[in-house]
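User: Please take a close look at the charged side-chain pairs in this structure, and then set them beside the other side-chain features that can be described. A connected account would be preferred to a list.

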Amino acid sequence: GDWDAVEDLVPEATACYLAASDAYTRMGKYALAGTIYAELAGHLAAVHRREDAAVYYQRAAELTETESPQVAGACLRHAIDHRVACGDYAGALECVEPAICVLEREPCVAPWRAVPATSACARSEVARLTLTQALLHALLSDFPASRRSLEALSAHASAHGTP
């Protein structure tokens, strides 16, 4: 039916997005190339190709980190979510630290806002990512690393007045 038609078009559509991204990359317009990757990732996620979506979200984050760190952070969070949904806990874990680093440099932007939210939003997201990191370590049976992440979460909470 209709789903088969969509599936048949995915490789061709992906090739078009990649060609556009490559063109922007050759022109040195890395943030634009990254947004093309992010758009591709979103479409792939919509047709349940989560593994591919995660790969392209990570690539988008790499390309947008310098010019658009907020976009990079959002892309990394999407990559984490898709990798976890696919059971790729090690892949998700690889995205956590870069996402935390981006958030610690930039204010958090809520998807519905045109302007940055308070730093409380960024602190909350860092706490969420640190907890995610602890859980991923536990899922991978790296309990010492999980404990370190939980200790970092506790220190983060104490530093920001959260009991």
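Analyst: Arg59 counts as partly exposed because its relative accessibility is 31%, which falls between the limits of 20% for buried and 50% for exposed. In this predicted model, the side chain of Arg59 meets that of Glu62 in a salt bridge, with 3.1 Å from N to O. Glu62 has a relative accessibility of 52% and therefore counts as exposed. Both residues of this pair belong to helix H3, where Arg59 and Glu62 are 3 residues apart, about one turn of the helix.

The Arg59 bridge belongs to a wider set, since a search of the whole structure finds 6 salt bridges. Another of them joins Glu125 and Arg128, whose side chains meet at 2.9 Å, N to O. Glu125 and Arg128 are 3 residues apart in helix H6, which spans residues 119–139, so about one helical turn separates them. As for accessibility, Glu125 is buried because its value is 14%, while Arg128, at 37%, is partly exposed. This pair is also part of a network of salt bridges that links Arg77, Glu125 and Arg128.

A further salt bridge is formed by Arg83 with Asp88, and here the closest N and O atoms are 2.7 Å apart. Arg83 is buried, because its relative accessible area is 14% and the limit for that class is under 20%. Its partner Asp88 has a relative accessibility of 29% and so counts as partly exposed.

Beside the charged pairs stands the aromatic one. The count of aromatic pairs in the structure comes to 1. That pair consists of Tyr37 and Tyr56, which are stacked, with 5.7 Å centre to centre and 20° between the planes. Tyr37 lies in helix H2 (residues 30–46) and Tyr56 in helix H3 (residues 50–64), so the pair ties together parts that are 19 residues apart in sequence. Helix H3 is also the helix of Arg59 and Glu62. Both tyrosines, Tyr37 and Tyr56, are buried.

Helix H1, residues 2–26, contains Val10. With a relative accessibility of 9%, Val10 counts as buried, because the value is under 20%. Once its neighbours within four places in sequence are set aside, Val10 is in contact with Leu44, Val47 and Arg49. The C-alpha atoms of Val10 and His43 are separated by 9.2 Å, although these residues are 33 residues apart along the chain.

Cysteines complete the account. The structure holds 0 disulfides. Cys75 is nevertheless buried, because its relative accessibility is 4%. Cys95 is likewise buried, with a relative accessible area of 1%.

To return to the charged pairs, the accessibility of the partners can be placed side by side. In the bridge within helix H3, Arg59 is partly exposed and Glu62 is exposed. In the bridge within helix H6, Glu125 is buried and Arg128 is partly exposed. In the remaining bridge described here, Arg83 is buried and Asp88 is partly exposed.

Methods
Residues are numbered from 1 along each chain as its sequence is written. This is a predicted model: local features need pLDDT of at least 70, side-chain atom pairs count only at pLDDT 80 or more; totals for chains, interfaces and linings use all residues. Side-chain values use heavy atoms; hydrogens and water are left out. Helices (H or I, at least four residues) and strands (E, at least two) are DSSP runs, numbered from the N terminus. Buried means under 20% relative accessible area, exposed over 50%, partly exposed in between (1.4 Å probe, protein chains only). Contact means heavy atoms within 4.5 Å. Rings of Phe, Tyr and Trp (its six-membered ring) pair if their centres lie within 6.5 Å; planes under 30 degrees apart count as stacked, over 60 as edge-to-face and the rest as tilted. A salt bridge is a side-chain nitrogen of Lys or Arg within 4 Å of a carboxyl oxygen of Asp or Glu. A disulfide is a pair of cysteine sulfur atoms within 2.5 Å.
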